[in-house]
Structure formats: structure tokens, C-alpha cells
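This report describes selected side-chain contacts, strand pairing and helix packing in one protein model. The sequence and structure are shown first, and the account then moves outward from a single residue.

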Amino acid sequence: MRDLNYQLKQLCHRNRDGSYATQAKRMHHVMLIANQLDALGFRGMNVRSLKPKHVEALVKDWLAQKLSVGTIKNRMAVLRWWAQKVDKQNVVARSNDHYGIPDRQFVTNGSKAKSVSAPDLEKIRDPYVRMSLELQKAFGLRREEAIKFNPGYADRGDRITLKASWTKGGKARDVPVRSDEQREALDRAHRLAAGGSLIPSDRNYVQQLRAYERHTANAGLSKMHGLRHAYAQRRYEELTGWKAPAAGGPVTRALSSGQKVVDRHARQTISRELGHEREQITSVYLGR
């Protein structure tokens, strides 16, 4: 293993920021970046060798490969994390505009919402995977959150509380319990987990994640992140009284001034419930 790869791997092990999934993705990206730097001719680097010329060469190569804006921005975030951990923050410009990286386009009025029916769930033989899917549908949870879910901890009666260690970015949050469907799903989760989480006692998270992937694939279910889109669109209609643009409702520019206020408040609420900081991200789920 090259020195840079080894030292970056050690840096990741010493700095376990964020959830398991975040750490795994970061490790993947830093190894990829180290390999790309070597391929670009920057040999003999160590973890403290990062300079502006390396960042500029990487970005130039990514743009030449026509990688998506989202992919490039994710890699920039990893570069900034690396620079920050070795106290060389100034090596990477604060703004992506400095490198000519275009703005990411969040707005899409095509729906990515997915649903799972009772017959779909019956195809899932693993009861823990089936329960995780039910919670994704009922509360708009991410896959990792639904797998690590511990109903004894999370269920607060009128809301569920998600631990920071379950979530993307390591930020705890609450999601309201508003319907009989949600309450029934939680009650089933309590009975199955029997005081523990939705990871059975003979497995760890990675093993249960693989079981989730295998059982959903065998059942013909894919892109289950679309359950979050469906949750967001249902929630938007509850909060506003009309459908989201992605679900066939009016686009934002067609709303009255009063409706735009309602729309903005609904999007802020949904953003918090989904675990995002910016209202802008709701365009991915709701359209604009």
C-alpha cells in the first residue's frame, strides 16, 4: 500500500465523524482520491502533502470525466475534511465556484416516490428487513436509520427520536407520530425487537445491511430511498392541502402569495423531519 493510502486510512480510523455509512463513504472517497493523485503523477505524497495544485488537478480531471456535480461536490467535501484534519484548511478554497464547479440542480418535477404494498412486504422473508421497510414507508427514514432503529429508545409517544449514531451526518432528530398507521408500525416494531433494535442479536449492522440488500433484491424491490420521497409528498399535502409539484400539484410560481408562505413553512418542516438542514433540498423530493 502506498504511504498516502495507508496514512489516509489511519486518518479515517482516528476520526470517526458521522454515521457508519458516512465513514464508509469517506473511506471509499479518500482511497479513490489517493489513487487518482498517483495516477496524475503526484508520487511519494503523505497525508500532510496536500497542496492547492493537487486539488486543482483533481477537479480538472473530474470535470474532464464529466462526473455529476453531486459526485464532484461530495469529493470536495472529503478533500475539505482531509485538509481540516491535518490543519491545512486553506489548501482547499471555501467556494466550489473557485474551481469552476457548476451549481447542483436540485429541482425536478418528476416524482421518484416509491411504494411498498402488503403483497410486496410478504415477499420479504426476513421479518427484520420487512419491519425496516415498514418504518421507511411510515416515517421517511433512511435505510441505515430503519435498520438500526430501536423502538424502545425511539418511541416517545407523539414522536420518534432518532439517535445521532443512526443518522447521516450524526445529527439526532424527531419525527412526529401523526397517524394510526405509524402507531401500528411502531407497535409491531416493539414486539419484534423485544427491547432491542431491528438488527437481530446474531448479526451486526453490516450483516443486516447485506441481508436487507439481498432480501429486497430477491423480492424485486429496488430504489427504496423512494419511500422517503413518498413520505415527503404525503406530508406536503397534509401541511398545505394541495399536492406537491412532483406529485402533479401546482408549481411554486403558480401559487398565490399566501400559498407561498404555507409552501415555505411546509418545506422547512419536511426538511427537518427528513434530517436535512436546507429547505432547498426538498425540491429533490417535492419538485418546485
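Leaving aside residues up to four places away in sequence, Thr167 touches Ser19, Glu145, Leu162, Ala172 and Arg173. The model is a predicted one. Thr167 is located in the loop between β1 and β2, and its relative accessible area of 0% makes it buried.

**The strand pair**

The two strands on either side of this loop, β1 (residues 159-162) and β2, pair in the antiparallel sense over 4 bridges. Within this pairing, Arg159 has Pro176 of β2 as its bridge partner. The side chains of β2 (residues 173-176) alternate along the strand. Arg173 and Val175 point to one face and are buried, whereas Asp174 and Pro176 point to the other and are not buried. Arg173 is also one of the residues that Thr167 touches.

**Salt bridges**

Side chains of opposite charge can pair when their charged atoms come close. Across the whole structure, 21 salt bridges are found. Three of the pairs are listed below.

| Salt bridge | N to O distance |
|---|---|
| Lys85 and Asp17 | 3.0 Å |
| Glu145 and Arg142 | 2.9 Å |
| Glu238 and Arg235 | 3.1 Å |

What does the salt bridge between Lys85 and Asp17 tie together? Lys85 belongs to helix α4 (residues 69-85), while Asp17 is in the loop between α1 (3-14) and α2 (20-39), so the pair links parts that are 68 residues apart in sequence. Lys85 is partly exposed at a relative accessible area of 26%, and Asp17 is likewise partly exposed, at 27%.

Glu145, another of the residues touched by Thr167, forms its salt bridge with Arg142. Both Glu145 and Arg142 are buried.

The pair Glu238 and Arg235 lies within helix α11 (residues 226-240), where the two residues are 3 apart and thus separated by about one helical turn. Glu238 is partly exposed, with a relative accessible area of 46%, but Arg235 is buried at 9%. Through salt bridges with shared partners, Arg178, Arg235, Glu238 and Glu273 are joined into one network.

**Packing of α1 against α4**

Two packed helices are described by the angle between their axes and the distance between the axes. For α1 and α4, the angle is about 85° and the axes are 11 Å apart. The range of 65 to 115 degrees counts as roughly perpendicular, and α1 and α4 are therefore described in that way. On the α1 side, the contact is made by Leu4, Leu8, Leu11 and Cys12; on the α4 side, by Trp81, Trp82 and Lys85. By class, this contact comprises 6 nonpolar residues, no polar residues and 1 charged residue. Lys85 thus takes part in the helix contact and also in the salt bridge with Asp17.

**Positive phi values outside glycine**

Which loop holds Asp87? Asp87 lies between α4 and α5 (118-122). Its phi is near 60°, a positive value in a residue other than glycine, and Asp87 is exposed, with a relative accessible area of 61%. Ala194 is also not a glycine, yet has a positive phi of about 50°. The position of Ala194 is in the loop between α9 (180-193) and α10 (205-218), and at 65% relative accessibility Ala194 counts as exposed.

How values were computed. Residues numbered from 1 in each chain as written. Predicted model: local features only at pLDDT ≥ 70, side-chain atom pairs only at ≥ 80, totals over all residues. Heavy atoms only, no water. Salt bridge = Lys/Arg side-chain N within 4 Å of Asp/Glu carboxyl O. Buried < 20%, exposed > 50% of the residue type's maximum accessible area, 1.4 Å probe, protein only. Pairing = 2+ DSSP bridges. Contact = heavy atoms within 4.5 Å. Axes fitted to C-alpha atoms, helices over the stretch in contact; angles between N-to-C directions. Parallel < 35°, antiparallel > 145°, perpendicular 65-115°, else oblique. Nonpolar A, V, L, I, M, F, W, Y, C, P; charged D, E, K, R; others polar.
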